[in-house]
Amino acid sequence: MFSGTFLSDLFPISALLISILSLGNGYNFSCVIEPSDPQDANSTQRNIYPGNLWPNGVVTYRLHDSIRENCDHDIEKAYLAMQEISSKTCIKFKAWEAGDKNFVDLMVDHKECGLAHVCMIGGRQWVKFGGKCRTLETMVHELMHTLCFRHEHWRPDRNKYLNFMGCHQEPEILEENKKYPLGIYDYGSQVHYKCIPCHGGSPTMPGVTKCGSQVTSGLSIIDADKINALYNCQGCNRHRWRLIKHPNEDVPNMYSFGHKNNVGYISPCRALINGEISVGFYYSTNKTCSFSFGDAAVYEFTHNFEVLTFPGGISQPGATYKWVDREEVESAKIIKAALPAGREGEIGNSQTMYIAYVSVDKYQSIGKVAVRNGELQKAVFVFEREVYHAPTRYYVLTCE
Ligand SMILES: [Zn+2]
């Protein structure tokens, strides 16, 4: 069930409840751990990992009477949140039926901003949202707790990325879970609080001013990748981004998509720069990840980047990863099947980046391409430390 994953802040301690209390205008997140709900009694012992993931990625939900009142379209928000998760991962949400033992009650509780049990605890558990926090963002955040995720800004290395100096109380820091090595830091995760001093923290990386729900109302690219890894999703969700510090176990799952100077192979990679996730090529000979950022500058990372791996190979019945020629296939079809890999752009208006490939003479390179108004844009690559734009003559990595 558990292949190699790189989950950052996953700690399956289901006896804990994560609470987001409303502060001030009711929309500033603050989180405390509440005492266990009585129904959690003795749950510590029986929730030894991995028993608390939802079997086969199926989450049974029930609409509690409080949400059925459907004030301000609460039900629609809950459905949208479930759809956001199920459309980007292999997680499925199934409506409760008589006899279903383990399920999550979706509730409105105006005493809370958001509150959820972490992981599947066995029996009834719940996700609550209330007041002004009855939003898509809150529901996605809480459902990620249901799926076993904890806060990104609690991960053990967060002090490299956030500053809580002068705060009355710093958020907790989780211990490193050796089973789930950390991937690159994700300011855009939906389980990252907003970057407000002393709540989600003050970002230490230049260029970052927004985090979590300030970046997206749904899952970040990396949130979706982490869910797919934790639940060992297959088919077109079986690719895994892996931090390069574990090269030995990952190299067999990497795939050569060409050569640089006819020496060594190249493969997709991505790295965190100015709070964004940039995509480029990993070069096996000098073990670097090269990419452009801001359309002109070229970066070469020697550590703290991820490479794309394909456990089980790139081709399986009904789910094959392949490059599609931008000039041969219509944009809409390519975009539908393309692998989201990163995000770049104006702060608060960043765009999903897909993986692009170009071959010119004896050179090949891997870069990125954005979509604007439903159309693929120019792809951006690095060749010999120069940035190169390909208007149409490039390929996009897809899975169908
Ligand atoms: Zn939370």
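**Figure 1. Helix 3 and helix 4 meet at an oblique crossing in this predicted model.** Let us start where two helices pack. Helix 3 spans residues 74-88 and helix 4 spans residues 136-146; their axes come within 9 Å of each other and cross at roughly 55°. That angle is why helix 3 is described as oblique to helix 4. The crossing of the two helices is right-handed. From helix 3, the residues making the contact are Lys77, Ala78, Leu80, Ala81, Met82, Glu84 and Ile85, while helix 4 contributes Leu136, Met139, Val140 and Leu143. Sorted by class, this contact between helix 3 and helix 4 has 9 nonpolar residues, 2 charged residues and no polar ones. When you trace the side chains, a reminder may help: an α-helix has 3.6 residues a turn, so residues three or four places apart point the same way.

**Figure 2. Isoleucine 85 of helix 3, with its surroundings.** Here we zoom in on one of the helix 3 residues that take part in the contact with helix 4. Isoleucine 85 has 26 other C-beta atoms within 10 Å and is therefore buried. Once its neighbours within four places in sequence are set aside, isoleucine 85 is in contact with Ile91, Val140, Leu143 and Leu219. Val140 and Leu143 will be familiar from the helix 4 side of the packing in the previous view. Another residue to look for is aspartate 223: it is 138 residues from isoleucine 85 in sequence, yet their C-alpha atoms are 9.4 Å apart.

**Figure 3. Helix 4 is mostly covered, with 11 of its 11 residues buried.** The buried residues of helix 4 include the four that face helix 3 in the contact, namely Leu136, Met139, Val140 and Leu143. Also buried in helix 4 are Glu137, Thr138, His141, Glu142, Met144, His145 and Thr146. Just after the helix, have a look at the backbone of cysteine 148, which takes a positive phi of about 110°.

**Figure 4. Strand 5 pairs in the parallel sense with strand 3 and with strand 7.** Strand 3 (residues 58-63) is joined to strand 5 (residues 103-108) by 3 bridges. Within this pairing, tyrosine 61 has valine 104 as its bridge partner. The pairing of strand 5 with strand 7 (residues 124-129) runs over 6 bridges, and valine 108 stands opposite phenylalanine 129 there. Follow the chain into the loop between strand 7 and helix 4 and you will find lysine 132. Lysine 132 counts as partly exposed because 14 other C-beta atoms lie within 10 Å. The C-alpha atoms of lysine 132 and cysteine 113 are 7.4 Å apart, with their positions 19 residues apart along the chain.

**Figure 5. Strand 18 pairs antiparallel with strand 17 and with strand 25.** Strand 17 (residues 315-316) and strand 18 (residues 319-325) are joined by 2 bridges. Glutamine 316 stands opposite alanine 319. The two strands form a hairpin with 2 residues between them, and glycine 318 in the turn has a positive phi of about 80°. Strand 18 is also joined to strand 25 (residues 395-399), through 5 bridges; in this pairing, lysine 322 stands opposite threonine 398.

**Figure 6. Proline 340, a buried residue in strand 19.** Strand 19 covers residues 340-346. Proline 340 has 20 C-beta neighbours inside 10 Å and so counts as buried. Not counting residues up to four places away in sequence, proline 340 touches Ile221, Thr352 and Tyr354. For one of these, threonine 352, the C-alpha atom is separated from that of proline 340 by 6.4 Å, with the two residues 12 apart along the chain.

**Figure 7. Aspartate 72 and lysine 287 have positive phi values although neither is a glycine.** For aspartate 72, phi is near 50°. This residue is in the loop between helix 2 (65-68) and helix 3, and aspartate 72 is exposed because it has 12 other C-beta atoms within 10 Å. For lysine 287, phi is near 55°. Lysine 287 sits in the loop between strand 13 (276-283) and strand 14 (288-293), and its 15 other C-beta atoms within 10 Å are why it counts as partly exposed.

Methods:
Residues numbered from 1 in each chain as written. Predicted model: local features only at pLDDT ≥ 70, side-chain atom pairs only at ≥ 80, totals over all residues. Axes fitted to C-alpha atoms, helices over the stretch in contact; angles between N-to-C directions. Parallel < 35°, antiparallel > 145°, perpendicular 65-115°, else oblique. Left-handed = near helix turned anticlockwise from the far one by under 90°. Contact = placed C-beta atoms within 7 Å. Nonpolar A, V, L, I, M, F, W, Y, C, P; charged D, E, K, R; others polar. Pairing = 2+ DSSP bridges.
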